[in-house]
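Here are some notes to keep beside you while you look through this structure for the first time. They go from the whole chain to its sheets, and then to a few single residues.

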Amino acid sequence: MQQIQSLSLNNLPSIWVEAFSSQLIAEENVLAWLEIDLDTQLHFAAGLVVVTNKRLLTKMASDEIWQEWCYQKDLLLAQRDYAGVGCLELFDAHARIAYWRYRLGNDIAVSRLIECFTQQLDYYLTGKLPVVAEHTQVQCPNCAAFLSSEQEECPVCDKQSHAPPSTWTLLRLWRFAKPYKGRLLIGFLLTLCSTAATLVPPYLTMPLMDNVLIPYQNGQPINTDLVTLYLSGLLVAAVLAWMLGWARTYMLALVSERIGADLRTATYEHLLSLSQEYFGGKRTGDLMARIGAETDRINLFISLHLLDFATDVIMIVMTAVILISINPWLALVTLVPLPIIAWLIHLVRDRLRIGFEKVDRIWAEVNNVLADTIPGIRVVKAFAQEKREAARFHAANQRNLQINDRVNRIWSLFTPTVTLLTEVGLLVVWVFGIWQISKDEITVGVLTAFLAYIGRFYIRLDTMSRIVSVTQKAAAGTKRIFDILDHVSSVPESSNPVHLSAIQGQIEMRNVGFRYGTRSITRDINLIIKPGEMIGLVGHSGSGKSTLVNLICRFYDVTEGMILIDGHDIRSLPIAEYRKNIGLVLQEPFLFYGTIAENIAYGKPDAMRSEIVSAARAAHAHEFILRLPHGYDSLVGERGQALSGGERQRISIARALLIDPRILILDEATSSVDTTTEKDIQKALDNLVRGRTTIAIAHRLSTLREANRLIVLDRGRIVEIGNHTELMAREGYYYRLYLAQARNVDTEDRAIVSVAEHSAAGEHK
């Protein structure tokens, strides 16, 4: 530990060094600095805030002079953030005297600046030297965030780091193989027996050569009994090896398919249990690739390559034992290439493992392009961006090609090298065997058997070395699967859940605050919503309306305070039980591929057709559904593309109404329909909200006039509460918002009338 270290002027951004150096006075040293990237109007602009041992200085690039504040009592430097923009504020005893805007990538540098300012102010007031660890500001090369020298990793991008997969990761698959351990044991025994059966023929060639063929060449008659015995043994061994091999392959294929199915199911089920926050940071194509392609690769590895690997190991061990029992010296020569091949496998394995994980990530990028483009094909065609999307796919495909080329360069050198070593080993055995025959130490039959065994031995050794590639691919895939399975949801189930027999619908928020990463979205929300009350959430875009709804639905958990339903913290309730009491209509309706009836009944799959029709009538969807060729059995297409935006929205409303929820949430529920349809739906909603706690968000404030109360939000805080008449009488935030919107609507109406008049005049002429 030591005193605060001064920074060299060279540590400042180069554009500021000359301008700032002229401002320094005697014995003044720079302690910390912050480069500002926004002005007070949130336009991009360059600026600098510097803390020295004597004062705080600042200047925007557009300013002519520097501003300064010397250390004095009651000075306070603080930071806050809202919706992705930070604010650094300087206060004196009476008011805020200066403030600066910045992007949250500079959040760490701001904290360091405030720390240095506070410590230096304490020194000025108390005379005690501040003692802190030495800091030097550096910039993360990946995300450009400012770090101090004691930080080994950037906290911004630390979550995105990728640790290389280990081969030992494959052992984690035992969790899914354990239920089938009996079948696996049978498969292993069948492998042992089938491998032993394949080793019988070379052993029988030895007496066949020494006792039948060589004596015949020396003039002795052929012993037909021995020939029949040996050939019968060869035939029985071949048939037995075939039968055992078939049984082994079939048994292990069944097991591997079930392990793969269980792995896919477990991954998908765990994925569904994760919070909205997890999906916000992932690409659809990447997740689809993990559950689809990666599990298929693991399945193939278990059913085929792992079986081959086990067979190869057993074959090599058994062959080595037989060779040593026949002739130890010749066996020792046979095993000479083995250590070299093992060293090569170790050398190549790590490179292949890392390379294959890169291949997986790049392949996920290719899938991401497809997942983006195909659902958005209407937008692509509407803006004539086919060539651009083709270029995106080509670029991703080229990156995939480049990574594969690097892996193939390593693999293409490794495989022929192993083959060369086995050929050299075979040549050495020939030389040594001929020399031993010349010394009468072994017979020709022994050498023949040795060569037959060595052929099997080296083939298996070569095959086993090739399995290194698929093993590392499977290890990379297993790691990506367990990245999902190991992720803990940020919205966990309660360890001691409270089960409510019936929910009345009272919602209470106590000091609720929510941060998304470093961004503060909502703060100090205190609100009680009575059962059956209709609440309207009002505010500019980004004021926290949808966030509040997400917290009530528990898509995210609050970071401060609590939300209670009928007096119980919603975090203590089982998530599925709680959400069954909420009917949600989103701003952007999502329909699944299937029929209209299936989409309406999504929240209640066992609903009767009469219930589905009633919900559709209430949502004013029944009429247009009957006009479709197959009525309620009409297919809506991918994501409901066969329907208009207004029709999709009404189906979504019917889906929410069918489950008869105690809490109804309408997030811009009528934003996608025309004025006439909106009025029809509004009439239906007026009847449906009775007896239900309803929370409505609407861009058009006129649609919320009938709400019992309007909650006006600004920058994540509640600024006003009251009904429409009360808020208009106060002439506050809601009053200004309503008048501004009314003027816009009036202007739009006059423009429409003007266009209509011009059109009519043109037709008259």
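1. A good place to begin is the hairpin towards the end of the chain; please keep in mind that this is a predicted model. In this hairpin, Val 712 stands opposite Glu 720 in β21. Leu 713, in turn, faces Ile 718 of β21. The two strands concerned are β20 (residues 709–714) and β21 (residues 717–722), which run antiparallel and are joined by five bridges.

2. What does Arg 715 do in the hairpin of β20 and β21? The hairpin has two residues between its strands, and Arg 715 takes a positive phi near 55 degrees there. Arg 715 is not a glycine, although its phi is positive. You will find Arg 715 in the loop between β20 and β21. Its relative accessible area is 37%, so Arg 715 counts as partly exposed.

3. Now step back to the whole protein. The protein has 22 helices and 21 strands. Of its 765 residues, 44% count as buried. About 40,400 Å² of the protein is exposed, and carbon and sulfur atoms supply 57% of that area. Among contacts with a separation of 6 or more, 69% join residues 24 or more positions apart.

4. The hairpin belongs to an open sheet. Six strands make up this sheet, in the order β17-β18-β19-β14-β20-β21, with mixed pairing. β17 (582–585) and β21 stand at the edges with a single partner strand each, so one side of each has no neighbour in the sheet. From one strand to the next, the twist averages 15 degrees. For readers new to sheets: strands pair through backbone hydrogen bonds, either parallel or antiparallel.

5. Which helices should you look for against this sheet? Helix α14 (residues 545–552) packs on it, touching β14 (534–538), β17, β18 (663–667), β19 (693–697) and β20. The direction of α14 makes about 150 degrees with that of β19. Helix α19 (residues 645–658) lies across β17 and β18, and runs at about 175 degrees to β17.

6. There is another open sheet to find. It has four strands in the order β13-β12-β15-β16, and its pairing is antiparallel. The edge strands are β13 and β16 (568–569), each of which pairs on one side only. Within this sheet, five bridges join β12 (residues 507–516) to β15 (residues 560–565), and these two strands run antiparallel. As a landmark, Gly 513 stands opposite Glu 560 in β15.

7. Helix α14 is worth a second look here. It lies across β12, β13 and β15, running at about 115 degrees to β12. The helix also packs on the six-stranded sheet, where β14 and β20 are among the strands it touches.

8. Where does Asp 524 lie? Asp 524 is in strand β13 (residues 519–529). Its phi is near 50 degrees, a positive value in a residue other than glycine. With 44% relative accessibility, Asp 524 counts as partly exposed.

9. Next, a pair of helices earlier in the chain. The axes of α4 (residues 181–198) and α5 (residues 200–217) come within 4 Å and cross at roughly 25 degrees. The two helices are therefore roughly parallel to each other, since angles under 35 degrees count as roughly parallel. Ala 196, Ala 197 and Thr 198 of α4 make the contact with Val 200, Pro 201 and Pro 202 of α5. Five of the residues in this contact are nonpolar, one is polar and none is charged.

10. Which residues does Arg 456 touch, leaving aside those up to four places away in sequence? They are Thr 198, Leu 199 and Pro 202. Thr 198 and Pro 202 also take part in the contact of α4 with α5. Arg 456 itself is found in helix α13 (residues 444–485). It is partly exposed, with a relative accessible area of 30%. Arg 456 and Met 315 are 141 residues apart in sequence, yet 8.0 Å apart in space, C-alpha to C-alpha.

Key: Residues are numbered from 1 along each chain as its sequence is written. This is a predicted model: local features need pLDDT of at least 70, side-chain atom pairs count only at pLDDT 80 or more; totals for chains, interfaces and linings use all residues. Side-chain values use heavy atoms; hydrogens and water are left out. Two strands pair if DSSP finds at least two bridges between them. Axes are lines fitted to C-alpha atoms, for helices over the stretch in contact, and angles run from 0 to 180 degrees between N-to-C directions. Angles under 35 degrees count as roughly parallel, over 145 as roughly antiparallel, 65 to 115 as roughly perpendicular and the rest as oblique. Contact means heavy atoms within 4.5 Å. Ala, Val, Leu, Ile, Met, Phe, Trp, Tyr, Cys and Pro count as nonpolar, Asp, Glu, Lys and Arg as charged, and the others, Gly among them, as polar. Buried means under 20% relative accessible area, exposed over 50%, partly exposed in between (1.4 Å probe, protein chains only). Accessible areas come from the Shrake-Rupley method with a 1.4 Å probe; for residues, only the protein chains shown count as cover.
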